[in-house]
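User: Got a minute to walk through a model with me? I'd like the overall layout first and then some details.

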Amino acid sequence: ERTGRIRHARFSVTQDLVPLVPFCNFEWDDLQFYKHVGMRVSLHGIGWIGKRRLKRNLDVSYPLHHDWRSEIRQMFMNNIFANLTTLTGFKNNHKLTEYHKRLHFAMSYRKALG
């Protein structure tokens, strides 16, 4: 990706825990942490909070800098505790239909604003 030949976008529903685990390899003698690379597009819910987040622009993050401040920011954005939800929410937020609904909402709402 640094050479500009490979690019990808990762779409994730807010409060979907599945893309956040496993965050490490769980080998206690050689513990290594994972991090996502590339551009992340967060798909928010259809309610007023989702509309407020989408009013200015899409929620896109891309780790341009690899300094300690950026790494800590990414760690807080992509951790399990910041994305906790109910058991029903856990089940529903990972469904393909939920991804489709939120992607369609983001596209339609941005067009209406545009």
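Analyst: Sure, let's go from the overall layout to the sheet, a helix and a few residues; bear in mind that this is a predicted model.

User: OK, how many helices and strands does the chain have?

Analyst: The chain has 4 helices and 3 strands. Starting at the N terminus, the elements run β-β-α-β-α-α-α.

User: And what does the C-alpha trace span along its principal axes?

Analyst: About 50 × 40 × 25 Å.

User: What share of the residues count as buried?

Analyst: Of the 114 residues in the chain, 27% count as buried. As for contacts with a separation of 6 or more, 71% of them are between residues 24 or more positions apart.

User: Let's do the sheet. In what order do the strands come?

Analyst: The order is 1-2-3, in an open sheet with mixed pairing. Strand 1 and strand 3 (59-61) stand at the edges with a single partner strand each, so each has one side without a neighbour in the sheet. On average, neighbouring strands are turned by 25° against each other, ignoring direction.

User: Mixed how? Which pair is parallel and which is antiparallel?

Analyst: Strand 1 pairs with strand 2 in the parallel sense, over 5 bridges. Strand 2 and strand 3 are antiparallel, over 3 bridges.

User: Can you give me some actual bridge partners?

Analyst: Between strand 1 and strand 2, Arg10 has Arg40 as its bridge partner, and Ser12 has Ser42. Ser42 also has a bridge partner in strand 3, namely Asp59.

User: Let's stay on Ser42 then. Is Ser42 buried or exposed?

Analyst: Ser42 has 7% relative accessibility, so it counts as buried. Ser42 sits in strand 2, which is mostly covered, with 4 of its 5 residues buried.

User: What is Ser42 in contact with, leaving aside its neighbours within four places in sequence?

Analyst: Ser12, Thr14 and Asp59. Two of those names came up a moment ago: Ser12 is a bridge partner of Ser42, and so is Asp59.

User: Switching to helix 4. Does the span of its ends agree or disagree with its number of residues?

Analyst: It agrees: helix 4 covers residues 96-113, and at 1.5 Å a residue its 18 residues should span 26 Å, which is how far apart its end C-alpha atoms are.

User: Which residues of helix 4 are buried?

Analyst: The buried residues are Glu98, Tyr99, Arg102, Phe105, Ala106 and Tyr109. Looking down the axis of helix 4, they fall within an arc of 130°, so they line one face of the helix.

User: Which exposed residues does the face turned away from that buried side carry?

Analyst: Leu96, Thr97, His100, Lys111 and Ala112 are the exposed residues there.

User: And what covers the buried ones?

Analyst: The cover includes strand 1 (9-13) and strand 2 (39-43), along with helix 1 (48-54) and helix 3 (87-93).

User: So back to the sheet for a second. How do strand 1 and strand 2 pair, and which of the strands does helix 4 touch?

Analyst: Strand 1 and strand 2 are the parallel pair. Helix 4 packs on the sheet and touches strand 1 and strand 2, and its direction makes about 105° with that of strand 1.

User: Now aromatics. How many aromatic pairs are there?

Analyst: The count comes to 1 aromatic pair. The partners are Phe105 and Tyr109: their ring centres are 5.7 Å apart and their planes are at 20°, so the pair is stacked.

User: Where do Phe105 and Tyr109 lie?

Analyst: Both are in helix 4, 4 residues apart, which is about one turn of the helix.

User: How accessible are they?

Analyst: Phe105 has 11% relative accessibility and counts as buried. Tyr109 is buried too, with a relative accessible area of 17%; the cut-off for buried is under 20%.

User: Last one. Which residue other than glycine has a positive phi?

Analyst: Gln15 is one to look at, with phi near 70°. Gln15 lies in the loop between strand 1 and strand 2.

User: What is the relative accessibility of Gln15?

Analyst: It is 34%, so Gln15 counts as partly exposed.

User: Great, thanks.

Notes
Residues numbered from 1 in each chain as written. Predicted model: local features only at pLDDT ≥ 70, side-chain atom pairs only at ≥ 80, totals over all residues. Heavy atoms only, no water. Helix = DSSP H or I, 4+ residues; strand = E, 2+ residues; numbered from the N terminus. Expected span 1.5 Å × (residues − 1). Buried < 20%, exposed > 50% of the residue type's maximum accessible area, 1.4 Å probe, protein only. Arc of directions from axis to C-beta. Contact = heavy atoms within 4.5 Å. Pairing = 2+ DSSP bridges. Axes fitted to C-alpha atoms, helices over the stretch in contact; angles between N-to-C directions. Phe/Tyr/Trp six-rings, centres within 6.5 Å; stacked < 30°, edge-to-face > 60°.
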